[in-house]
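Q: Please take a close look at one helix pair in this model. Cover how the two helices pack, then set the pair in its surroundings.

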Amino acid sequence: MVKETSAQKNNNIQSASTTIPATGLQMVLHKAATRGKASHGWLESNQTFSFADYYNPERMHFGVLRVLNDDWVAPGKGFGRHPHDNMEIISIPLEGALEHTDSMNNTAAIQKGDIQAMSAGTGVFHTEYNKHATIPASFLQIWLFPKEKNITPRYDQRNITRIPNVFQQVLSPDKLDEGVWINQDAWFHIGSFDKETTTVYSLKKPGNGVYAFIIKGTAVINGQELGERDGLGSWNTGEITVKAGIGDTEILLMEVPMTAQEVNQVDH
Amino acid sequence: MKIEMLAIGRNEEILQTLVRLINKNEQWNGVGAGSDEAAMRLFDEVRPSIILLSNGIDAVSEEKLRRYFAGRHPAVSIIQHYGGGSGLLTNEILMTLDANNRALEEG
C-alpha cells in the first residue's frame, strides 16, 4: 500500500506524494478527491496536476506529463479561441462530443472512442466546444511537454475500435504505429475490462514511467487499490500488473519519459 | 511595488495574449518583445525580475539573450513558458517566485 506524504520537493522525476523504496519500483498515488477543482458554471474541472488557478508545488507533473484535467462541459459551451505553443495536447472524450477548430484550418468533432492530438509547436489558436446543445460533454485534457521545441504545429485524430480485456494503443511517437502520434516518446493505452481481469503492461522504453488513471470502476495496480478517477504513477520498473475490480473497469495508461523540461530545440 | 516581467516570443498574437494575462494580476506588470533587439532594449528599460521565453525562439537567439540578460542582471529569473496561454502561466510564475523567496531566505 502506498501512503501519501508530502515529500519529493524539487524532484524532477515526479511531483507529489508517496513513495516506496529508493530502489526498484516506485509509485506515487493521487486520490481523486485530492485533485484541484475549478468550477466556472459551464466548466467543471478536476485537475490532477497544478493548472491555472490551482497551484500546488507538490503536484506539478509526472515526468513529462504536465496536465491531466478531467473536464465536464455544459451543453453548447466550451473554450473560446485561445493559443497554445510548445506542448503536446491530447483530448480523450468520455461522454458527449466536442467540436474543434484551429488556425491550421482543421474543423473536426470527436466523441467517445476517439482520441485527438495537437502538437502546438511554434503556436496555434483553437476552440473546443461541446457540440451538442442539450447533452453535456466530458473529456480528459492531457498535456505533455514536447520532445522538441518549436516544431511545425500539427493536428491528428483517430477512432479506436475497442477490443475488451486488452490495453489498446491509442498514441505513440511513431506515425506508422497504432493511434495518433505525437512529438514525445510516449505511449498511451486504453482498456475496458471485465470483472477481475488481470493484465500485465510492459513499458516500451527503458527509463519511462507509466501513469494509470482509472476512468471507470476500480482496480488494483502493483498491489495498490484504486478507485474511480484515482491516479497512480509507477517508475523504476519494466512492467506493471493491473487487476480490474468487481465491476466494469476502464483504465488509461500513459507511458512517458521521466525527465521533464529538458526539451531539445529544433532549428528551422 | 509590482513585479516586472518581460515575455519574449515570435508569434505576435500569442505574445499579446501572454502580456494581457500577466497584467490581469494586479501585482505583476508585463511587457512583450517579438525580436531579440526589442527584448534587449526593453530589458534595459524595464529591468524585469522575470523573463518568460515563449514560442519560436531558436537556440542561437536563446543563447544570445540569456548571455545578454545574465551579463547585466545575473539574478534575473529566465524561465521557459510552455503551453502558450493561461494554463501554466500562473504556475510557472508562482514557482519562480517561490524559488526566489527560498533562495533569499537561505541567504
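A: The helix pair comes before its surroundings here.

This is a predicted model, where local features need pLDDT of at least 70, side-chain atom pairs count only at pLDDT 80 or more, and totals for chains, interfaces and linings use all residues. Residues are numbered from 1 along each chain as its sequence is written, while chains are lettered from A and ligands numbered from 1 in the order in which they are written.

Two packed helices are described by the angle between their axes and the distance between the axes. The axes of α2(B) and α3(B), residues 59-72, come within 11 Å and cross at roughly 15 degrees. Axes are lines fitted to C-alpha atoms, for helices over the stretch in contact, and angles run from 0 to 180 degrees between N-to-C directions. The helices are therefore roughly parallel, a term for angles under 35 degrees. Helices here are DSSP runs (H or I, at least four residues), as are strands (E, at least two), numbered from the N terminus.

The crossing of α2(B) and α3(B) is right-handed: the near helix is turned clockwise from the far one by less than a right angle. From α2(B), the contact uses D36(B), A39(B), M40(B) and F43(B). From α3(B), S61(B), K64(B), L65(B), Y68(B) and F69(B) take part. Contact means C-beta atoms, placed from the backbone, within 7 Å. By class, these residues are six nonpolar, one polar and two charged. Ala, Val, Leu, Ile, Met, Phe, Trp, Tyr, Cys and Pro count as nonpolar, Asp, Glu, Lys and Arg as charged, and the others, Gly among them, as polar.

Next, the loop between α2 (36-46) and β3 (50-53) of chain B holds R47(B). R47(B) is not a glycine, yet its phi is positive, about 55 degrees. R47(B) is exposed, with 12 other C-beta atoms within 10 Å. Exposed means 12 or fewer such neighbours, buried 20 or more, and partly exposed in between.

A103(B) lies in helix α4, residues 86-105 of chain B. A103(B) is exposed too, with 11 other C-beta atoms within 10 Å. From M40(B), A103(B) is 63 residues away in sequence and 26 Å away in space, C-alpha to C-alpha.

Last, the partner chain. Chain A has zero helices and 24 strands. Of its 268 residues, 44% are buried. Chain A puts 22 residues in contact with 21 of chain B. Strand β5(A), residues 78-84, gives the largest share of the chain A side, three residues. That side divides into ten nonpolar, nine polar and three charged residues.

Key: Two residues are in contact if their C-beta atoms, placed from the backbone, lie within 7 Å. Angles under 35 degrees count as roughly parallel, over 145 as roughly antiparallel, 65 to 115 as roughly perpendicular and the rest as oblique.
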